[in-house]
Amino acid sequence: MTLRISVIGTGYLGVTHAACMASLGFTVIGIDIDPTKIAQLSAGILPFYEPGLEDLLKTELATGRLTFSSQISDATDCDVHFICVGTPQVKDGLAADVSYVHNSIRTLAAVAKSGSLLVGKSTVPVGTAERLRKEILEINPELDLAWNPEFLREGFAVEDTLHPNRLVVGVVNDQAEHILREVYAKNLGEGTPWIRADLPTSELVKVAANSFLATKISFINAMAEVCEAAGGDVTVLADAIGYDPRIGHKFLGAGIGFGGGCLPKDLRAFMARSKELGADRALDFLREIDAINLRARARIIDLVRRDLSDDLLGKKIAILGAAFKPDSDDVRDSPALDIAAQIQAAGASVTIYDPKAMDSARKRFPALTYSASIKECMTGADLVLHLTEWKEFQSIDPREYISIVRNPIMIDGRNKLNREEWQAAGWTFRALGRSSKY
Ligand code: UGA
C-alpha cells in the first residue's frame with residue numbers, strides 16, 4: 001500500500017516537500033497552525049515566490065493526493081510525518097530557537113498512530129534529535145524518530161527536492177531506514193547517493209555544509225579586500241582559482257555576501273552549540289566568516305560615501321534588488337535591504353526596485369521608497385547600486401539609462417554587470433574587489 005505522508009509546517013521547506021512528495025504518488029497532508037496559510041494553499045495560492053512551485057501545488061491539489069489542514073489530528077492516519085517547521089535565531093543570542101520543532105513533535109507524538117515514523121527535516125542544533133526521540137518514546141513507545149536534513153536552495157527548491165545530490169538519513173534502527181528507502185525509492189532508482197548516519201551526524205551534516213558554503217563566500221570576499229588594497233581584480237582571481245577542480249567555480253561570487261534565512265543563522269547556531277559542547281575553539285573561525293560577510297555590506301557603503309564626497313544628505317540612491325538572492329522574494333537578512341536601510345539612515349533618499357520581492361520588502365522596511373520599474377527607480381538618481389543579481393538587471397542598456405539619472409555612477413555589489421559596457425556608455429563604474437583604476 002502507498003505510504004500516507006504528513007508534512008508539519010508549511011513554510012518554504014514544508015510546501016515544497018509536500019507538493020514534491022505528492023508528485024511522487026504519495027497521499028500527503030500539509031499541516032500548519034496558521035489557518036490563513038492553509039486556506040491559501042488549499043486554494044492553490046503560494047504565499048511566496050518560488051519558480052515552478054505554484055504550478056506543482058495546483059497540479060497536485062487537482063489530483064486529490066495533496067490536501068492541507070490546520071488540525072494536527074488530521075495527520076493521525078499517516079505512516080510518515082516530516083517535520084518542516086522553522087528554527088530561527090533566538091532574539092537574545094546566537095542560538096537557534098527549537099521551540100517550534102519541539103512543540104510540533106510533542107503534539108504530533110500524542111496523536112500519531114503506533115508504528116508511524118516521525119522524520120525531522122528542520123535544521124537543528126546537534127543533540128536535538130536524540131533528546132526528542134527519548135521524549136517521543138515516553139509518549140508512545142511504538143513511535144520512532146529519524147532525521148533527514150534538507151539541502152534545497154531557494155530558487156531551485158522543486159528541482160533540489162525531486163533530484164537531490166544526496167540523501168542523508170539519521171536513524172537508530174533498520175526499520176526507520178527501510179521506511180525512508182520506500183519514501184525515496186525513485187531517487188534511489190536514479191542513483192542518488194544514500195548516506196545512513198546516526199542522529200547527531202545527520203544533524204551536523206546540514207550545518208557543516210552551510211558553514212562550508214558560507215566559508216567559501218567569505219573567503220572570496222576576503223580576497224576581494226586584498227585585491228582592492230593591492231590593485232587586483234577578484235573576478236579574475238576567482239575564475240583562475242576555480243579551474244582547479246579541488247576548488248571549483250561555484251560559490252566564489254564576490255560581492256555583498258550571503259544572507260537569507262539559512263546561512264547566517266545556521267553559522268551562528270553552530271557556533272553557539274559548539275560552545276555548549278566545549279568545542280568552541282574548533283569553530284572560532286566561523287566568527288571571522290560572519291565578520292567578513294558583514295564587512296562586505298559596510299565596504300559598499302564606504303564606496304557610496306566616497307563617490308558622493310561623504311555627503312549623503314538628500315541624495316537620491318537607486319537600489320536594484322531587495323531579495324537576498326535572485327529568483328526568490330525572500331528578504332530575510334537580505335544584504336540588499338540592510339544596505340538600503342543603512343544608507344537611508346545616513347540621510348539619503350533610497351528608492352528600491354525588485355522584480356519579485358517588493359511586497360515582502362515593503363512589509364519589513366515600510367519607510368523605504370519602492371518603484372514600479374527599473375526606469376522609475378533610476379530616474380534622477382545620484383548613484384545606482386546593483387545589489388541582487390536578477391537577470392533583468394544584467395540586460396539593462398547603460399547607454400539608454402544614462403539620460404535618466406542625475407549622476408551616472410553605478411556600483412555593482414554582485415560583480416555581475418559588464419563593466420566595460422557601462423564604462424563605454426559613460427558611467428563611473430565601481431565594484432567590490434575590482435580596483436577602480438581600470
Ligand atoms: C542555502 C544552501 O545553499 C542550501 O543548500 C541549504 O539547503 C539552504 O541554505 C538551507 O539551509 O535550507 P539558500 O539560503 O537558498 O540555500 O541560498 P544560497 O544559494 O546558498 O545563497 C546564500 C547567500 O549567499 C545568498 O545571499 C547569495 O546571494 C550569497 N552568495 C552565494 C554569494 O554572495 N556568493 C556566491 O558565490 C554564492
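This text goes through the surroundings of the ligand, then helix 11 and a residue of helix 12, in a predicted model.

The shell around the ligand holds 21 residues, and those that come nearest are Phe151, Leu152, Glu154, Asn210 and Gly253. By type, the shell divides into ten nonpolar, four polar and seven charged residues. Oxygen atoms of the ligand take part in several polar contacts. One pairs an oxygen with a polar backbone atom of Leu252 at 3.5 Å. In another, a backbone N or O atom of Gly257 is 3.4 Å from a ligand oxygen. The side chain of Arg414 also places an N or O atom 3.2 Å from an oxygen of the ligand. On its own the ligand has 720 Å² of accessible area, and the protein covers 89% of it. Helix 9 and helix 11 are the elements that give two or more residues to this shell. The largest share, four residues, comes from helix 9.

Helix 11 covers residues 263-276. Its 14 residues should span 20 Å at 1.5 Å a residue, and the end C-alpha atoms are 20 Å apart, so the two values agree. Eleven of the 14 residues are buried, among them Lys265, Asp266, Arg268 and Phe270. The cover over the buried residues of helix 11 includes helix 9 (199-230) and helix 12. Just after helix 11, Gly278 has a positive phi of about 80 degrees.

Helix 12 runs over residues 284-307 and contains Arg299. Arg299 counts as buried because its relative accessibility is 10%, where the cut-off is under 20%. Beyond its neighbours within four places in sequence, Arg299 contacts Asn221, Ala224, Glu225, Glu228, Leu432 and Gly433.

How values were computed. Residues numbered from 1 in each chain as written. Predicted model: local features only at pLDDT ≥ 70, side-chain atom pairs only at ≥ 80, totals over all residues. Heavy atoms only, no water. Buried < 20%, exposed > 50% of the residue type's maximum accessible area, 1.4 Å probe, protein only. Contact = heavy atoms within 4.5 Å. Expected span 1.5 Å × (residues − 1). Near = heavy atom within 4 Å. Polar contact = N/O pair within 3.5 Å; in protein donor to acceptor, adjacent residues only side chain to side chain. Areas by Shrake-Rupley, 256 points an atom, 1.4 Å probe, with all protein chains shown as cover. Nonpolar A, V, L, I, M, F, W, Y, C, P; charged D, E, K, R; others polar.
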